[in-house]
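Visitor: I am new to reading protein models. Please take me through one part of this one closely, and explain the terms as you go.

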Amino acid sequence: MTISDETLALCELSNDLLFHKIPQESYSYYVKGALEAGRLAAKKYLEKDIKELYKRNNMTITYCEQDNIYCGVRLRAQVSMGKTETTVSVYTKSLDEFASFSSFEQAAPITYETALDMHLCHEFFHFLEYQEIGFVSEKLEPVETIKLPFFTRKAHINRCSEVAAHAFAKEMLGLRHLPNMYDYIYLMNTSKMTRENFDKMIKAFSIKG
Ligand SMILES: [Zn+2]
């Protein structure tokens, strides 16, 4: 079963605090805009080794054996961006577990290396947003959060940057799925999400490519 990037992107957007403010007819605008921004940014770096790109951009990778639990979520990678240096911390145990539970419908699981590169590419994209291309979420139109006759408040959909980072990693590594699919696979394989609920979510967020 292959699930389209558009549908998986909408699943990601549905985690945004302001998702309910997006009019349904605008779903494809955000999904397509964000996916396209990630794919476009990847064009420049295709065939390049992600670890080399880190070196060339003065980015440090720190491998941590200890888990880092933030708000009840076990982190796999975390970026900290400063003016002169960027550090990406990688939580190896959590990443290793993520890779070992990544088999879906008889397909072989991804390797630890692929899982690592996927996370490195994702954070590299955020670095690019910060340094070079600007934040994708800010480039796409804001949604109206409050609308009164004489007063409107607008806000950006932050998760658009996540969708773009997923698309960047998929393109760079030639992955089978948009990377957030591996999160769902992990959740299903570790009994934290039922297949039934996964199927329901996919059906609810199905969007034409
Ligand atoms: Zn991210």
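Guide: Here is a short overview, then a close look at helix 2 and its surroundings, and last two loop residues.

This is a predicted model, in which local features need pLDDT of at least 70, side-chain atom pairs count only at pLDDT 80 or more, and totals for chains, interfaces and linings use all residues. Residues are numbered from 1 along each chain as its sequence is written.

Start with the whole protein. The secondary structure comes to nine helices and seven strands. Helices (H or I, at least four residues) and strands (E, at least two) are DSSP runs, numbered from the N terminus. The C-alpha trace spans about 55 × 45 × 35 Å along its principal axes. Of the 209 residues, 34% are buried. A residue is buried if 20 or more other C-beta atoms lie within 10 Å of its own, exposed if 12 or fewer, and partly exposed in between; C-beta atoms are placed from the backbone.

Now helix 2, residues 27-43. Its partner here is helix 7, residues 159-173. The two axes come within 7 Å and cross at roughly 40°. That makes helix 2 oblique to helix 7. Axes are lines fitted to C-alpha atoms, for helices over the stretch in contact, and angles run from 0 to 180 degrees between N-to-C directions. Angles under 35 degrees count as roughly parallel, over 145 as roughly antiparallel, 65 to 115 as roughly perpendicular and the rest as oblique. The crossing is right-handed. A crossing is right-handed if the near helix is turned clockwise from the far one by less than a right angle, and left-handed if anticlockwise.

Which residues touch? Helix 2 gives Y30, V31, A34, L35, A37, G38, R39, A41 and A42. Helix 7 gives C160, V163, A164, A165, H166, A167, F168, E171 and M172. Two residues are in contact if their C-beta atoms, placed from the backbone, lie within 7 Å. By class, this contact has 14 nonpolar, two polar and two charged residues. Ala, Val, Leu, Ile, Met, Phe, Trp, Tyr, Cys and Pro count as nonpolar, Asp, Glu, Lys and Arg as charged, and the others, Gly among them, as polar.

Take one residue of helix 2: A37. A37 is buried, because 26 other C-beta atoms lie within 10 Å. Set aside its neighbours within four places in sequence, and A37 is in contact with V136 and A164. A37 and C71 are 34 residues apart in sequence, and their C-alpha atoms are 29 Å apart in space.

Helix 1, residues 5-13, joins the picture. Nine of its nine residues are buried. They pack against helix 2, helix 7, helix 8 and helix 9. Helix 1 and helix 7 pack at an angle of about 145°, with axes 9 Å apart. Their crossing is right-handed. The contact uses D5, A9, E12 and L13 of helix 1, with R159, E162, V163, H166 and A167 of helix 7. It has four nonpolar, one polar and four charged residues.

Last, the loops. Q106 sits between helix 4 (92-100) and helix 5 (112-133). Q106 is not a glycine, yet its phi is positive, about 70°. Q106 is exposed, with 5 other C-beta atoms within 10 Å. S191 lies in the loop between helix 8 (180-189) and helix 9 (195-204). Phi of S191 is also positive, near 60°. S191 is exposed, with 7 other C-beta atoms within 10 Å.
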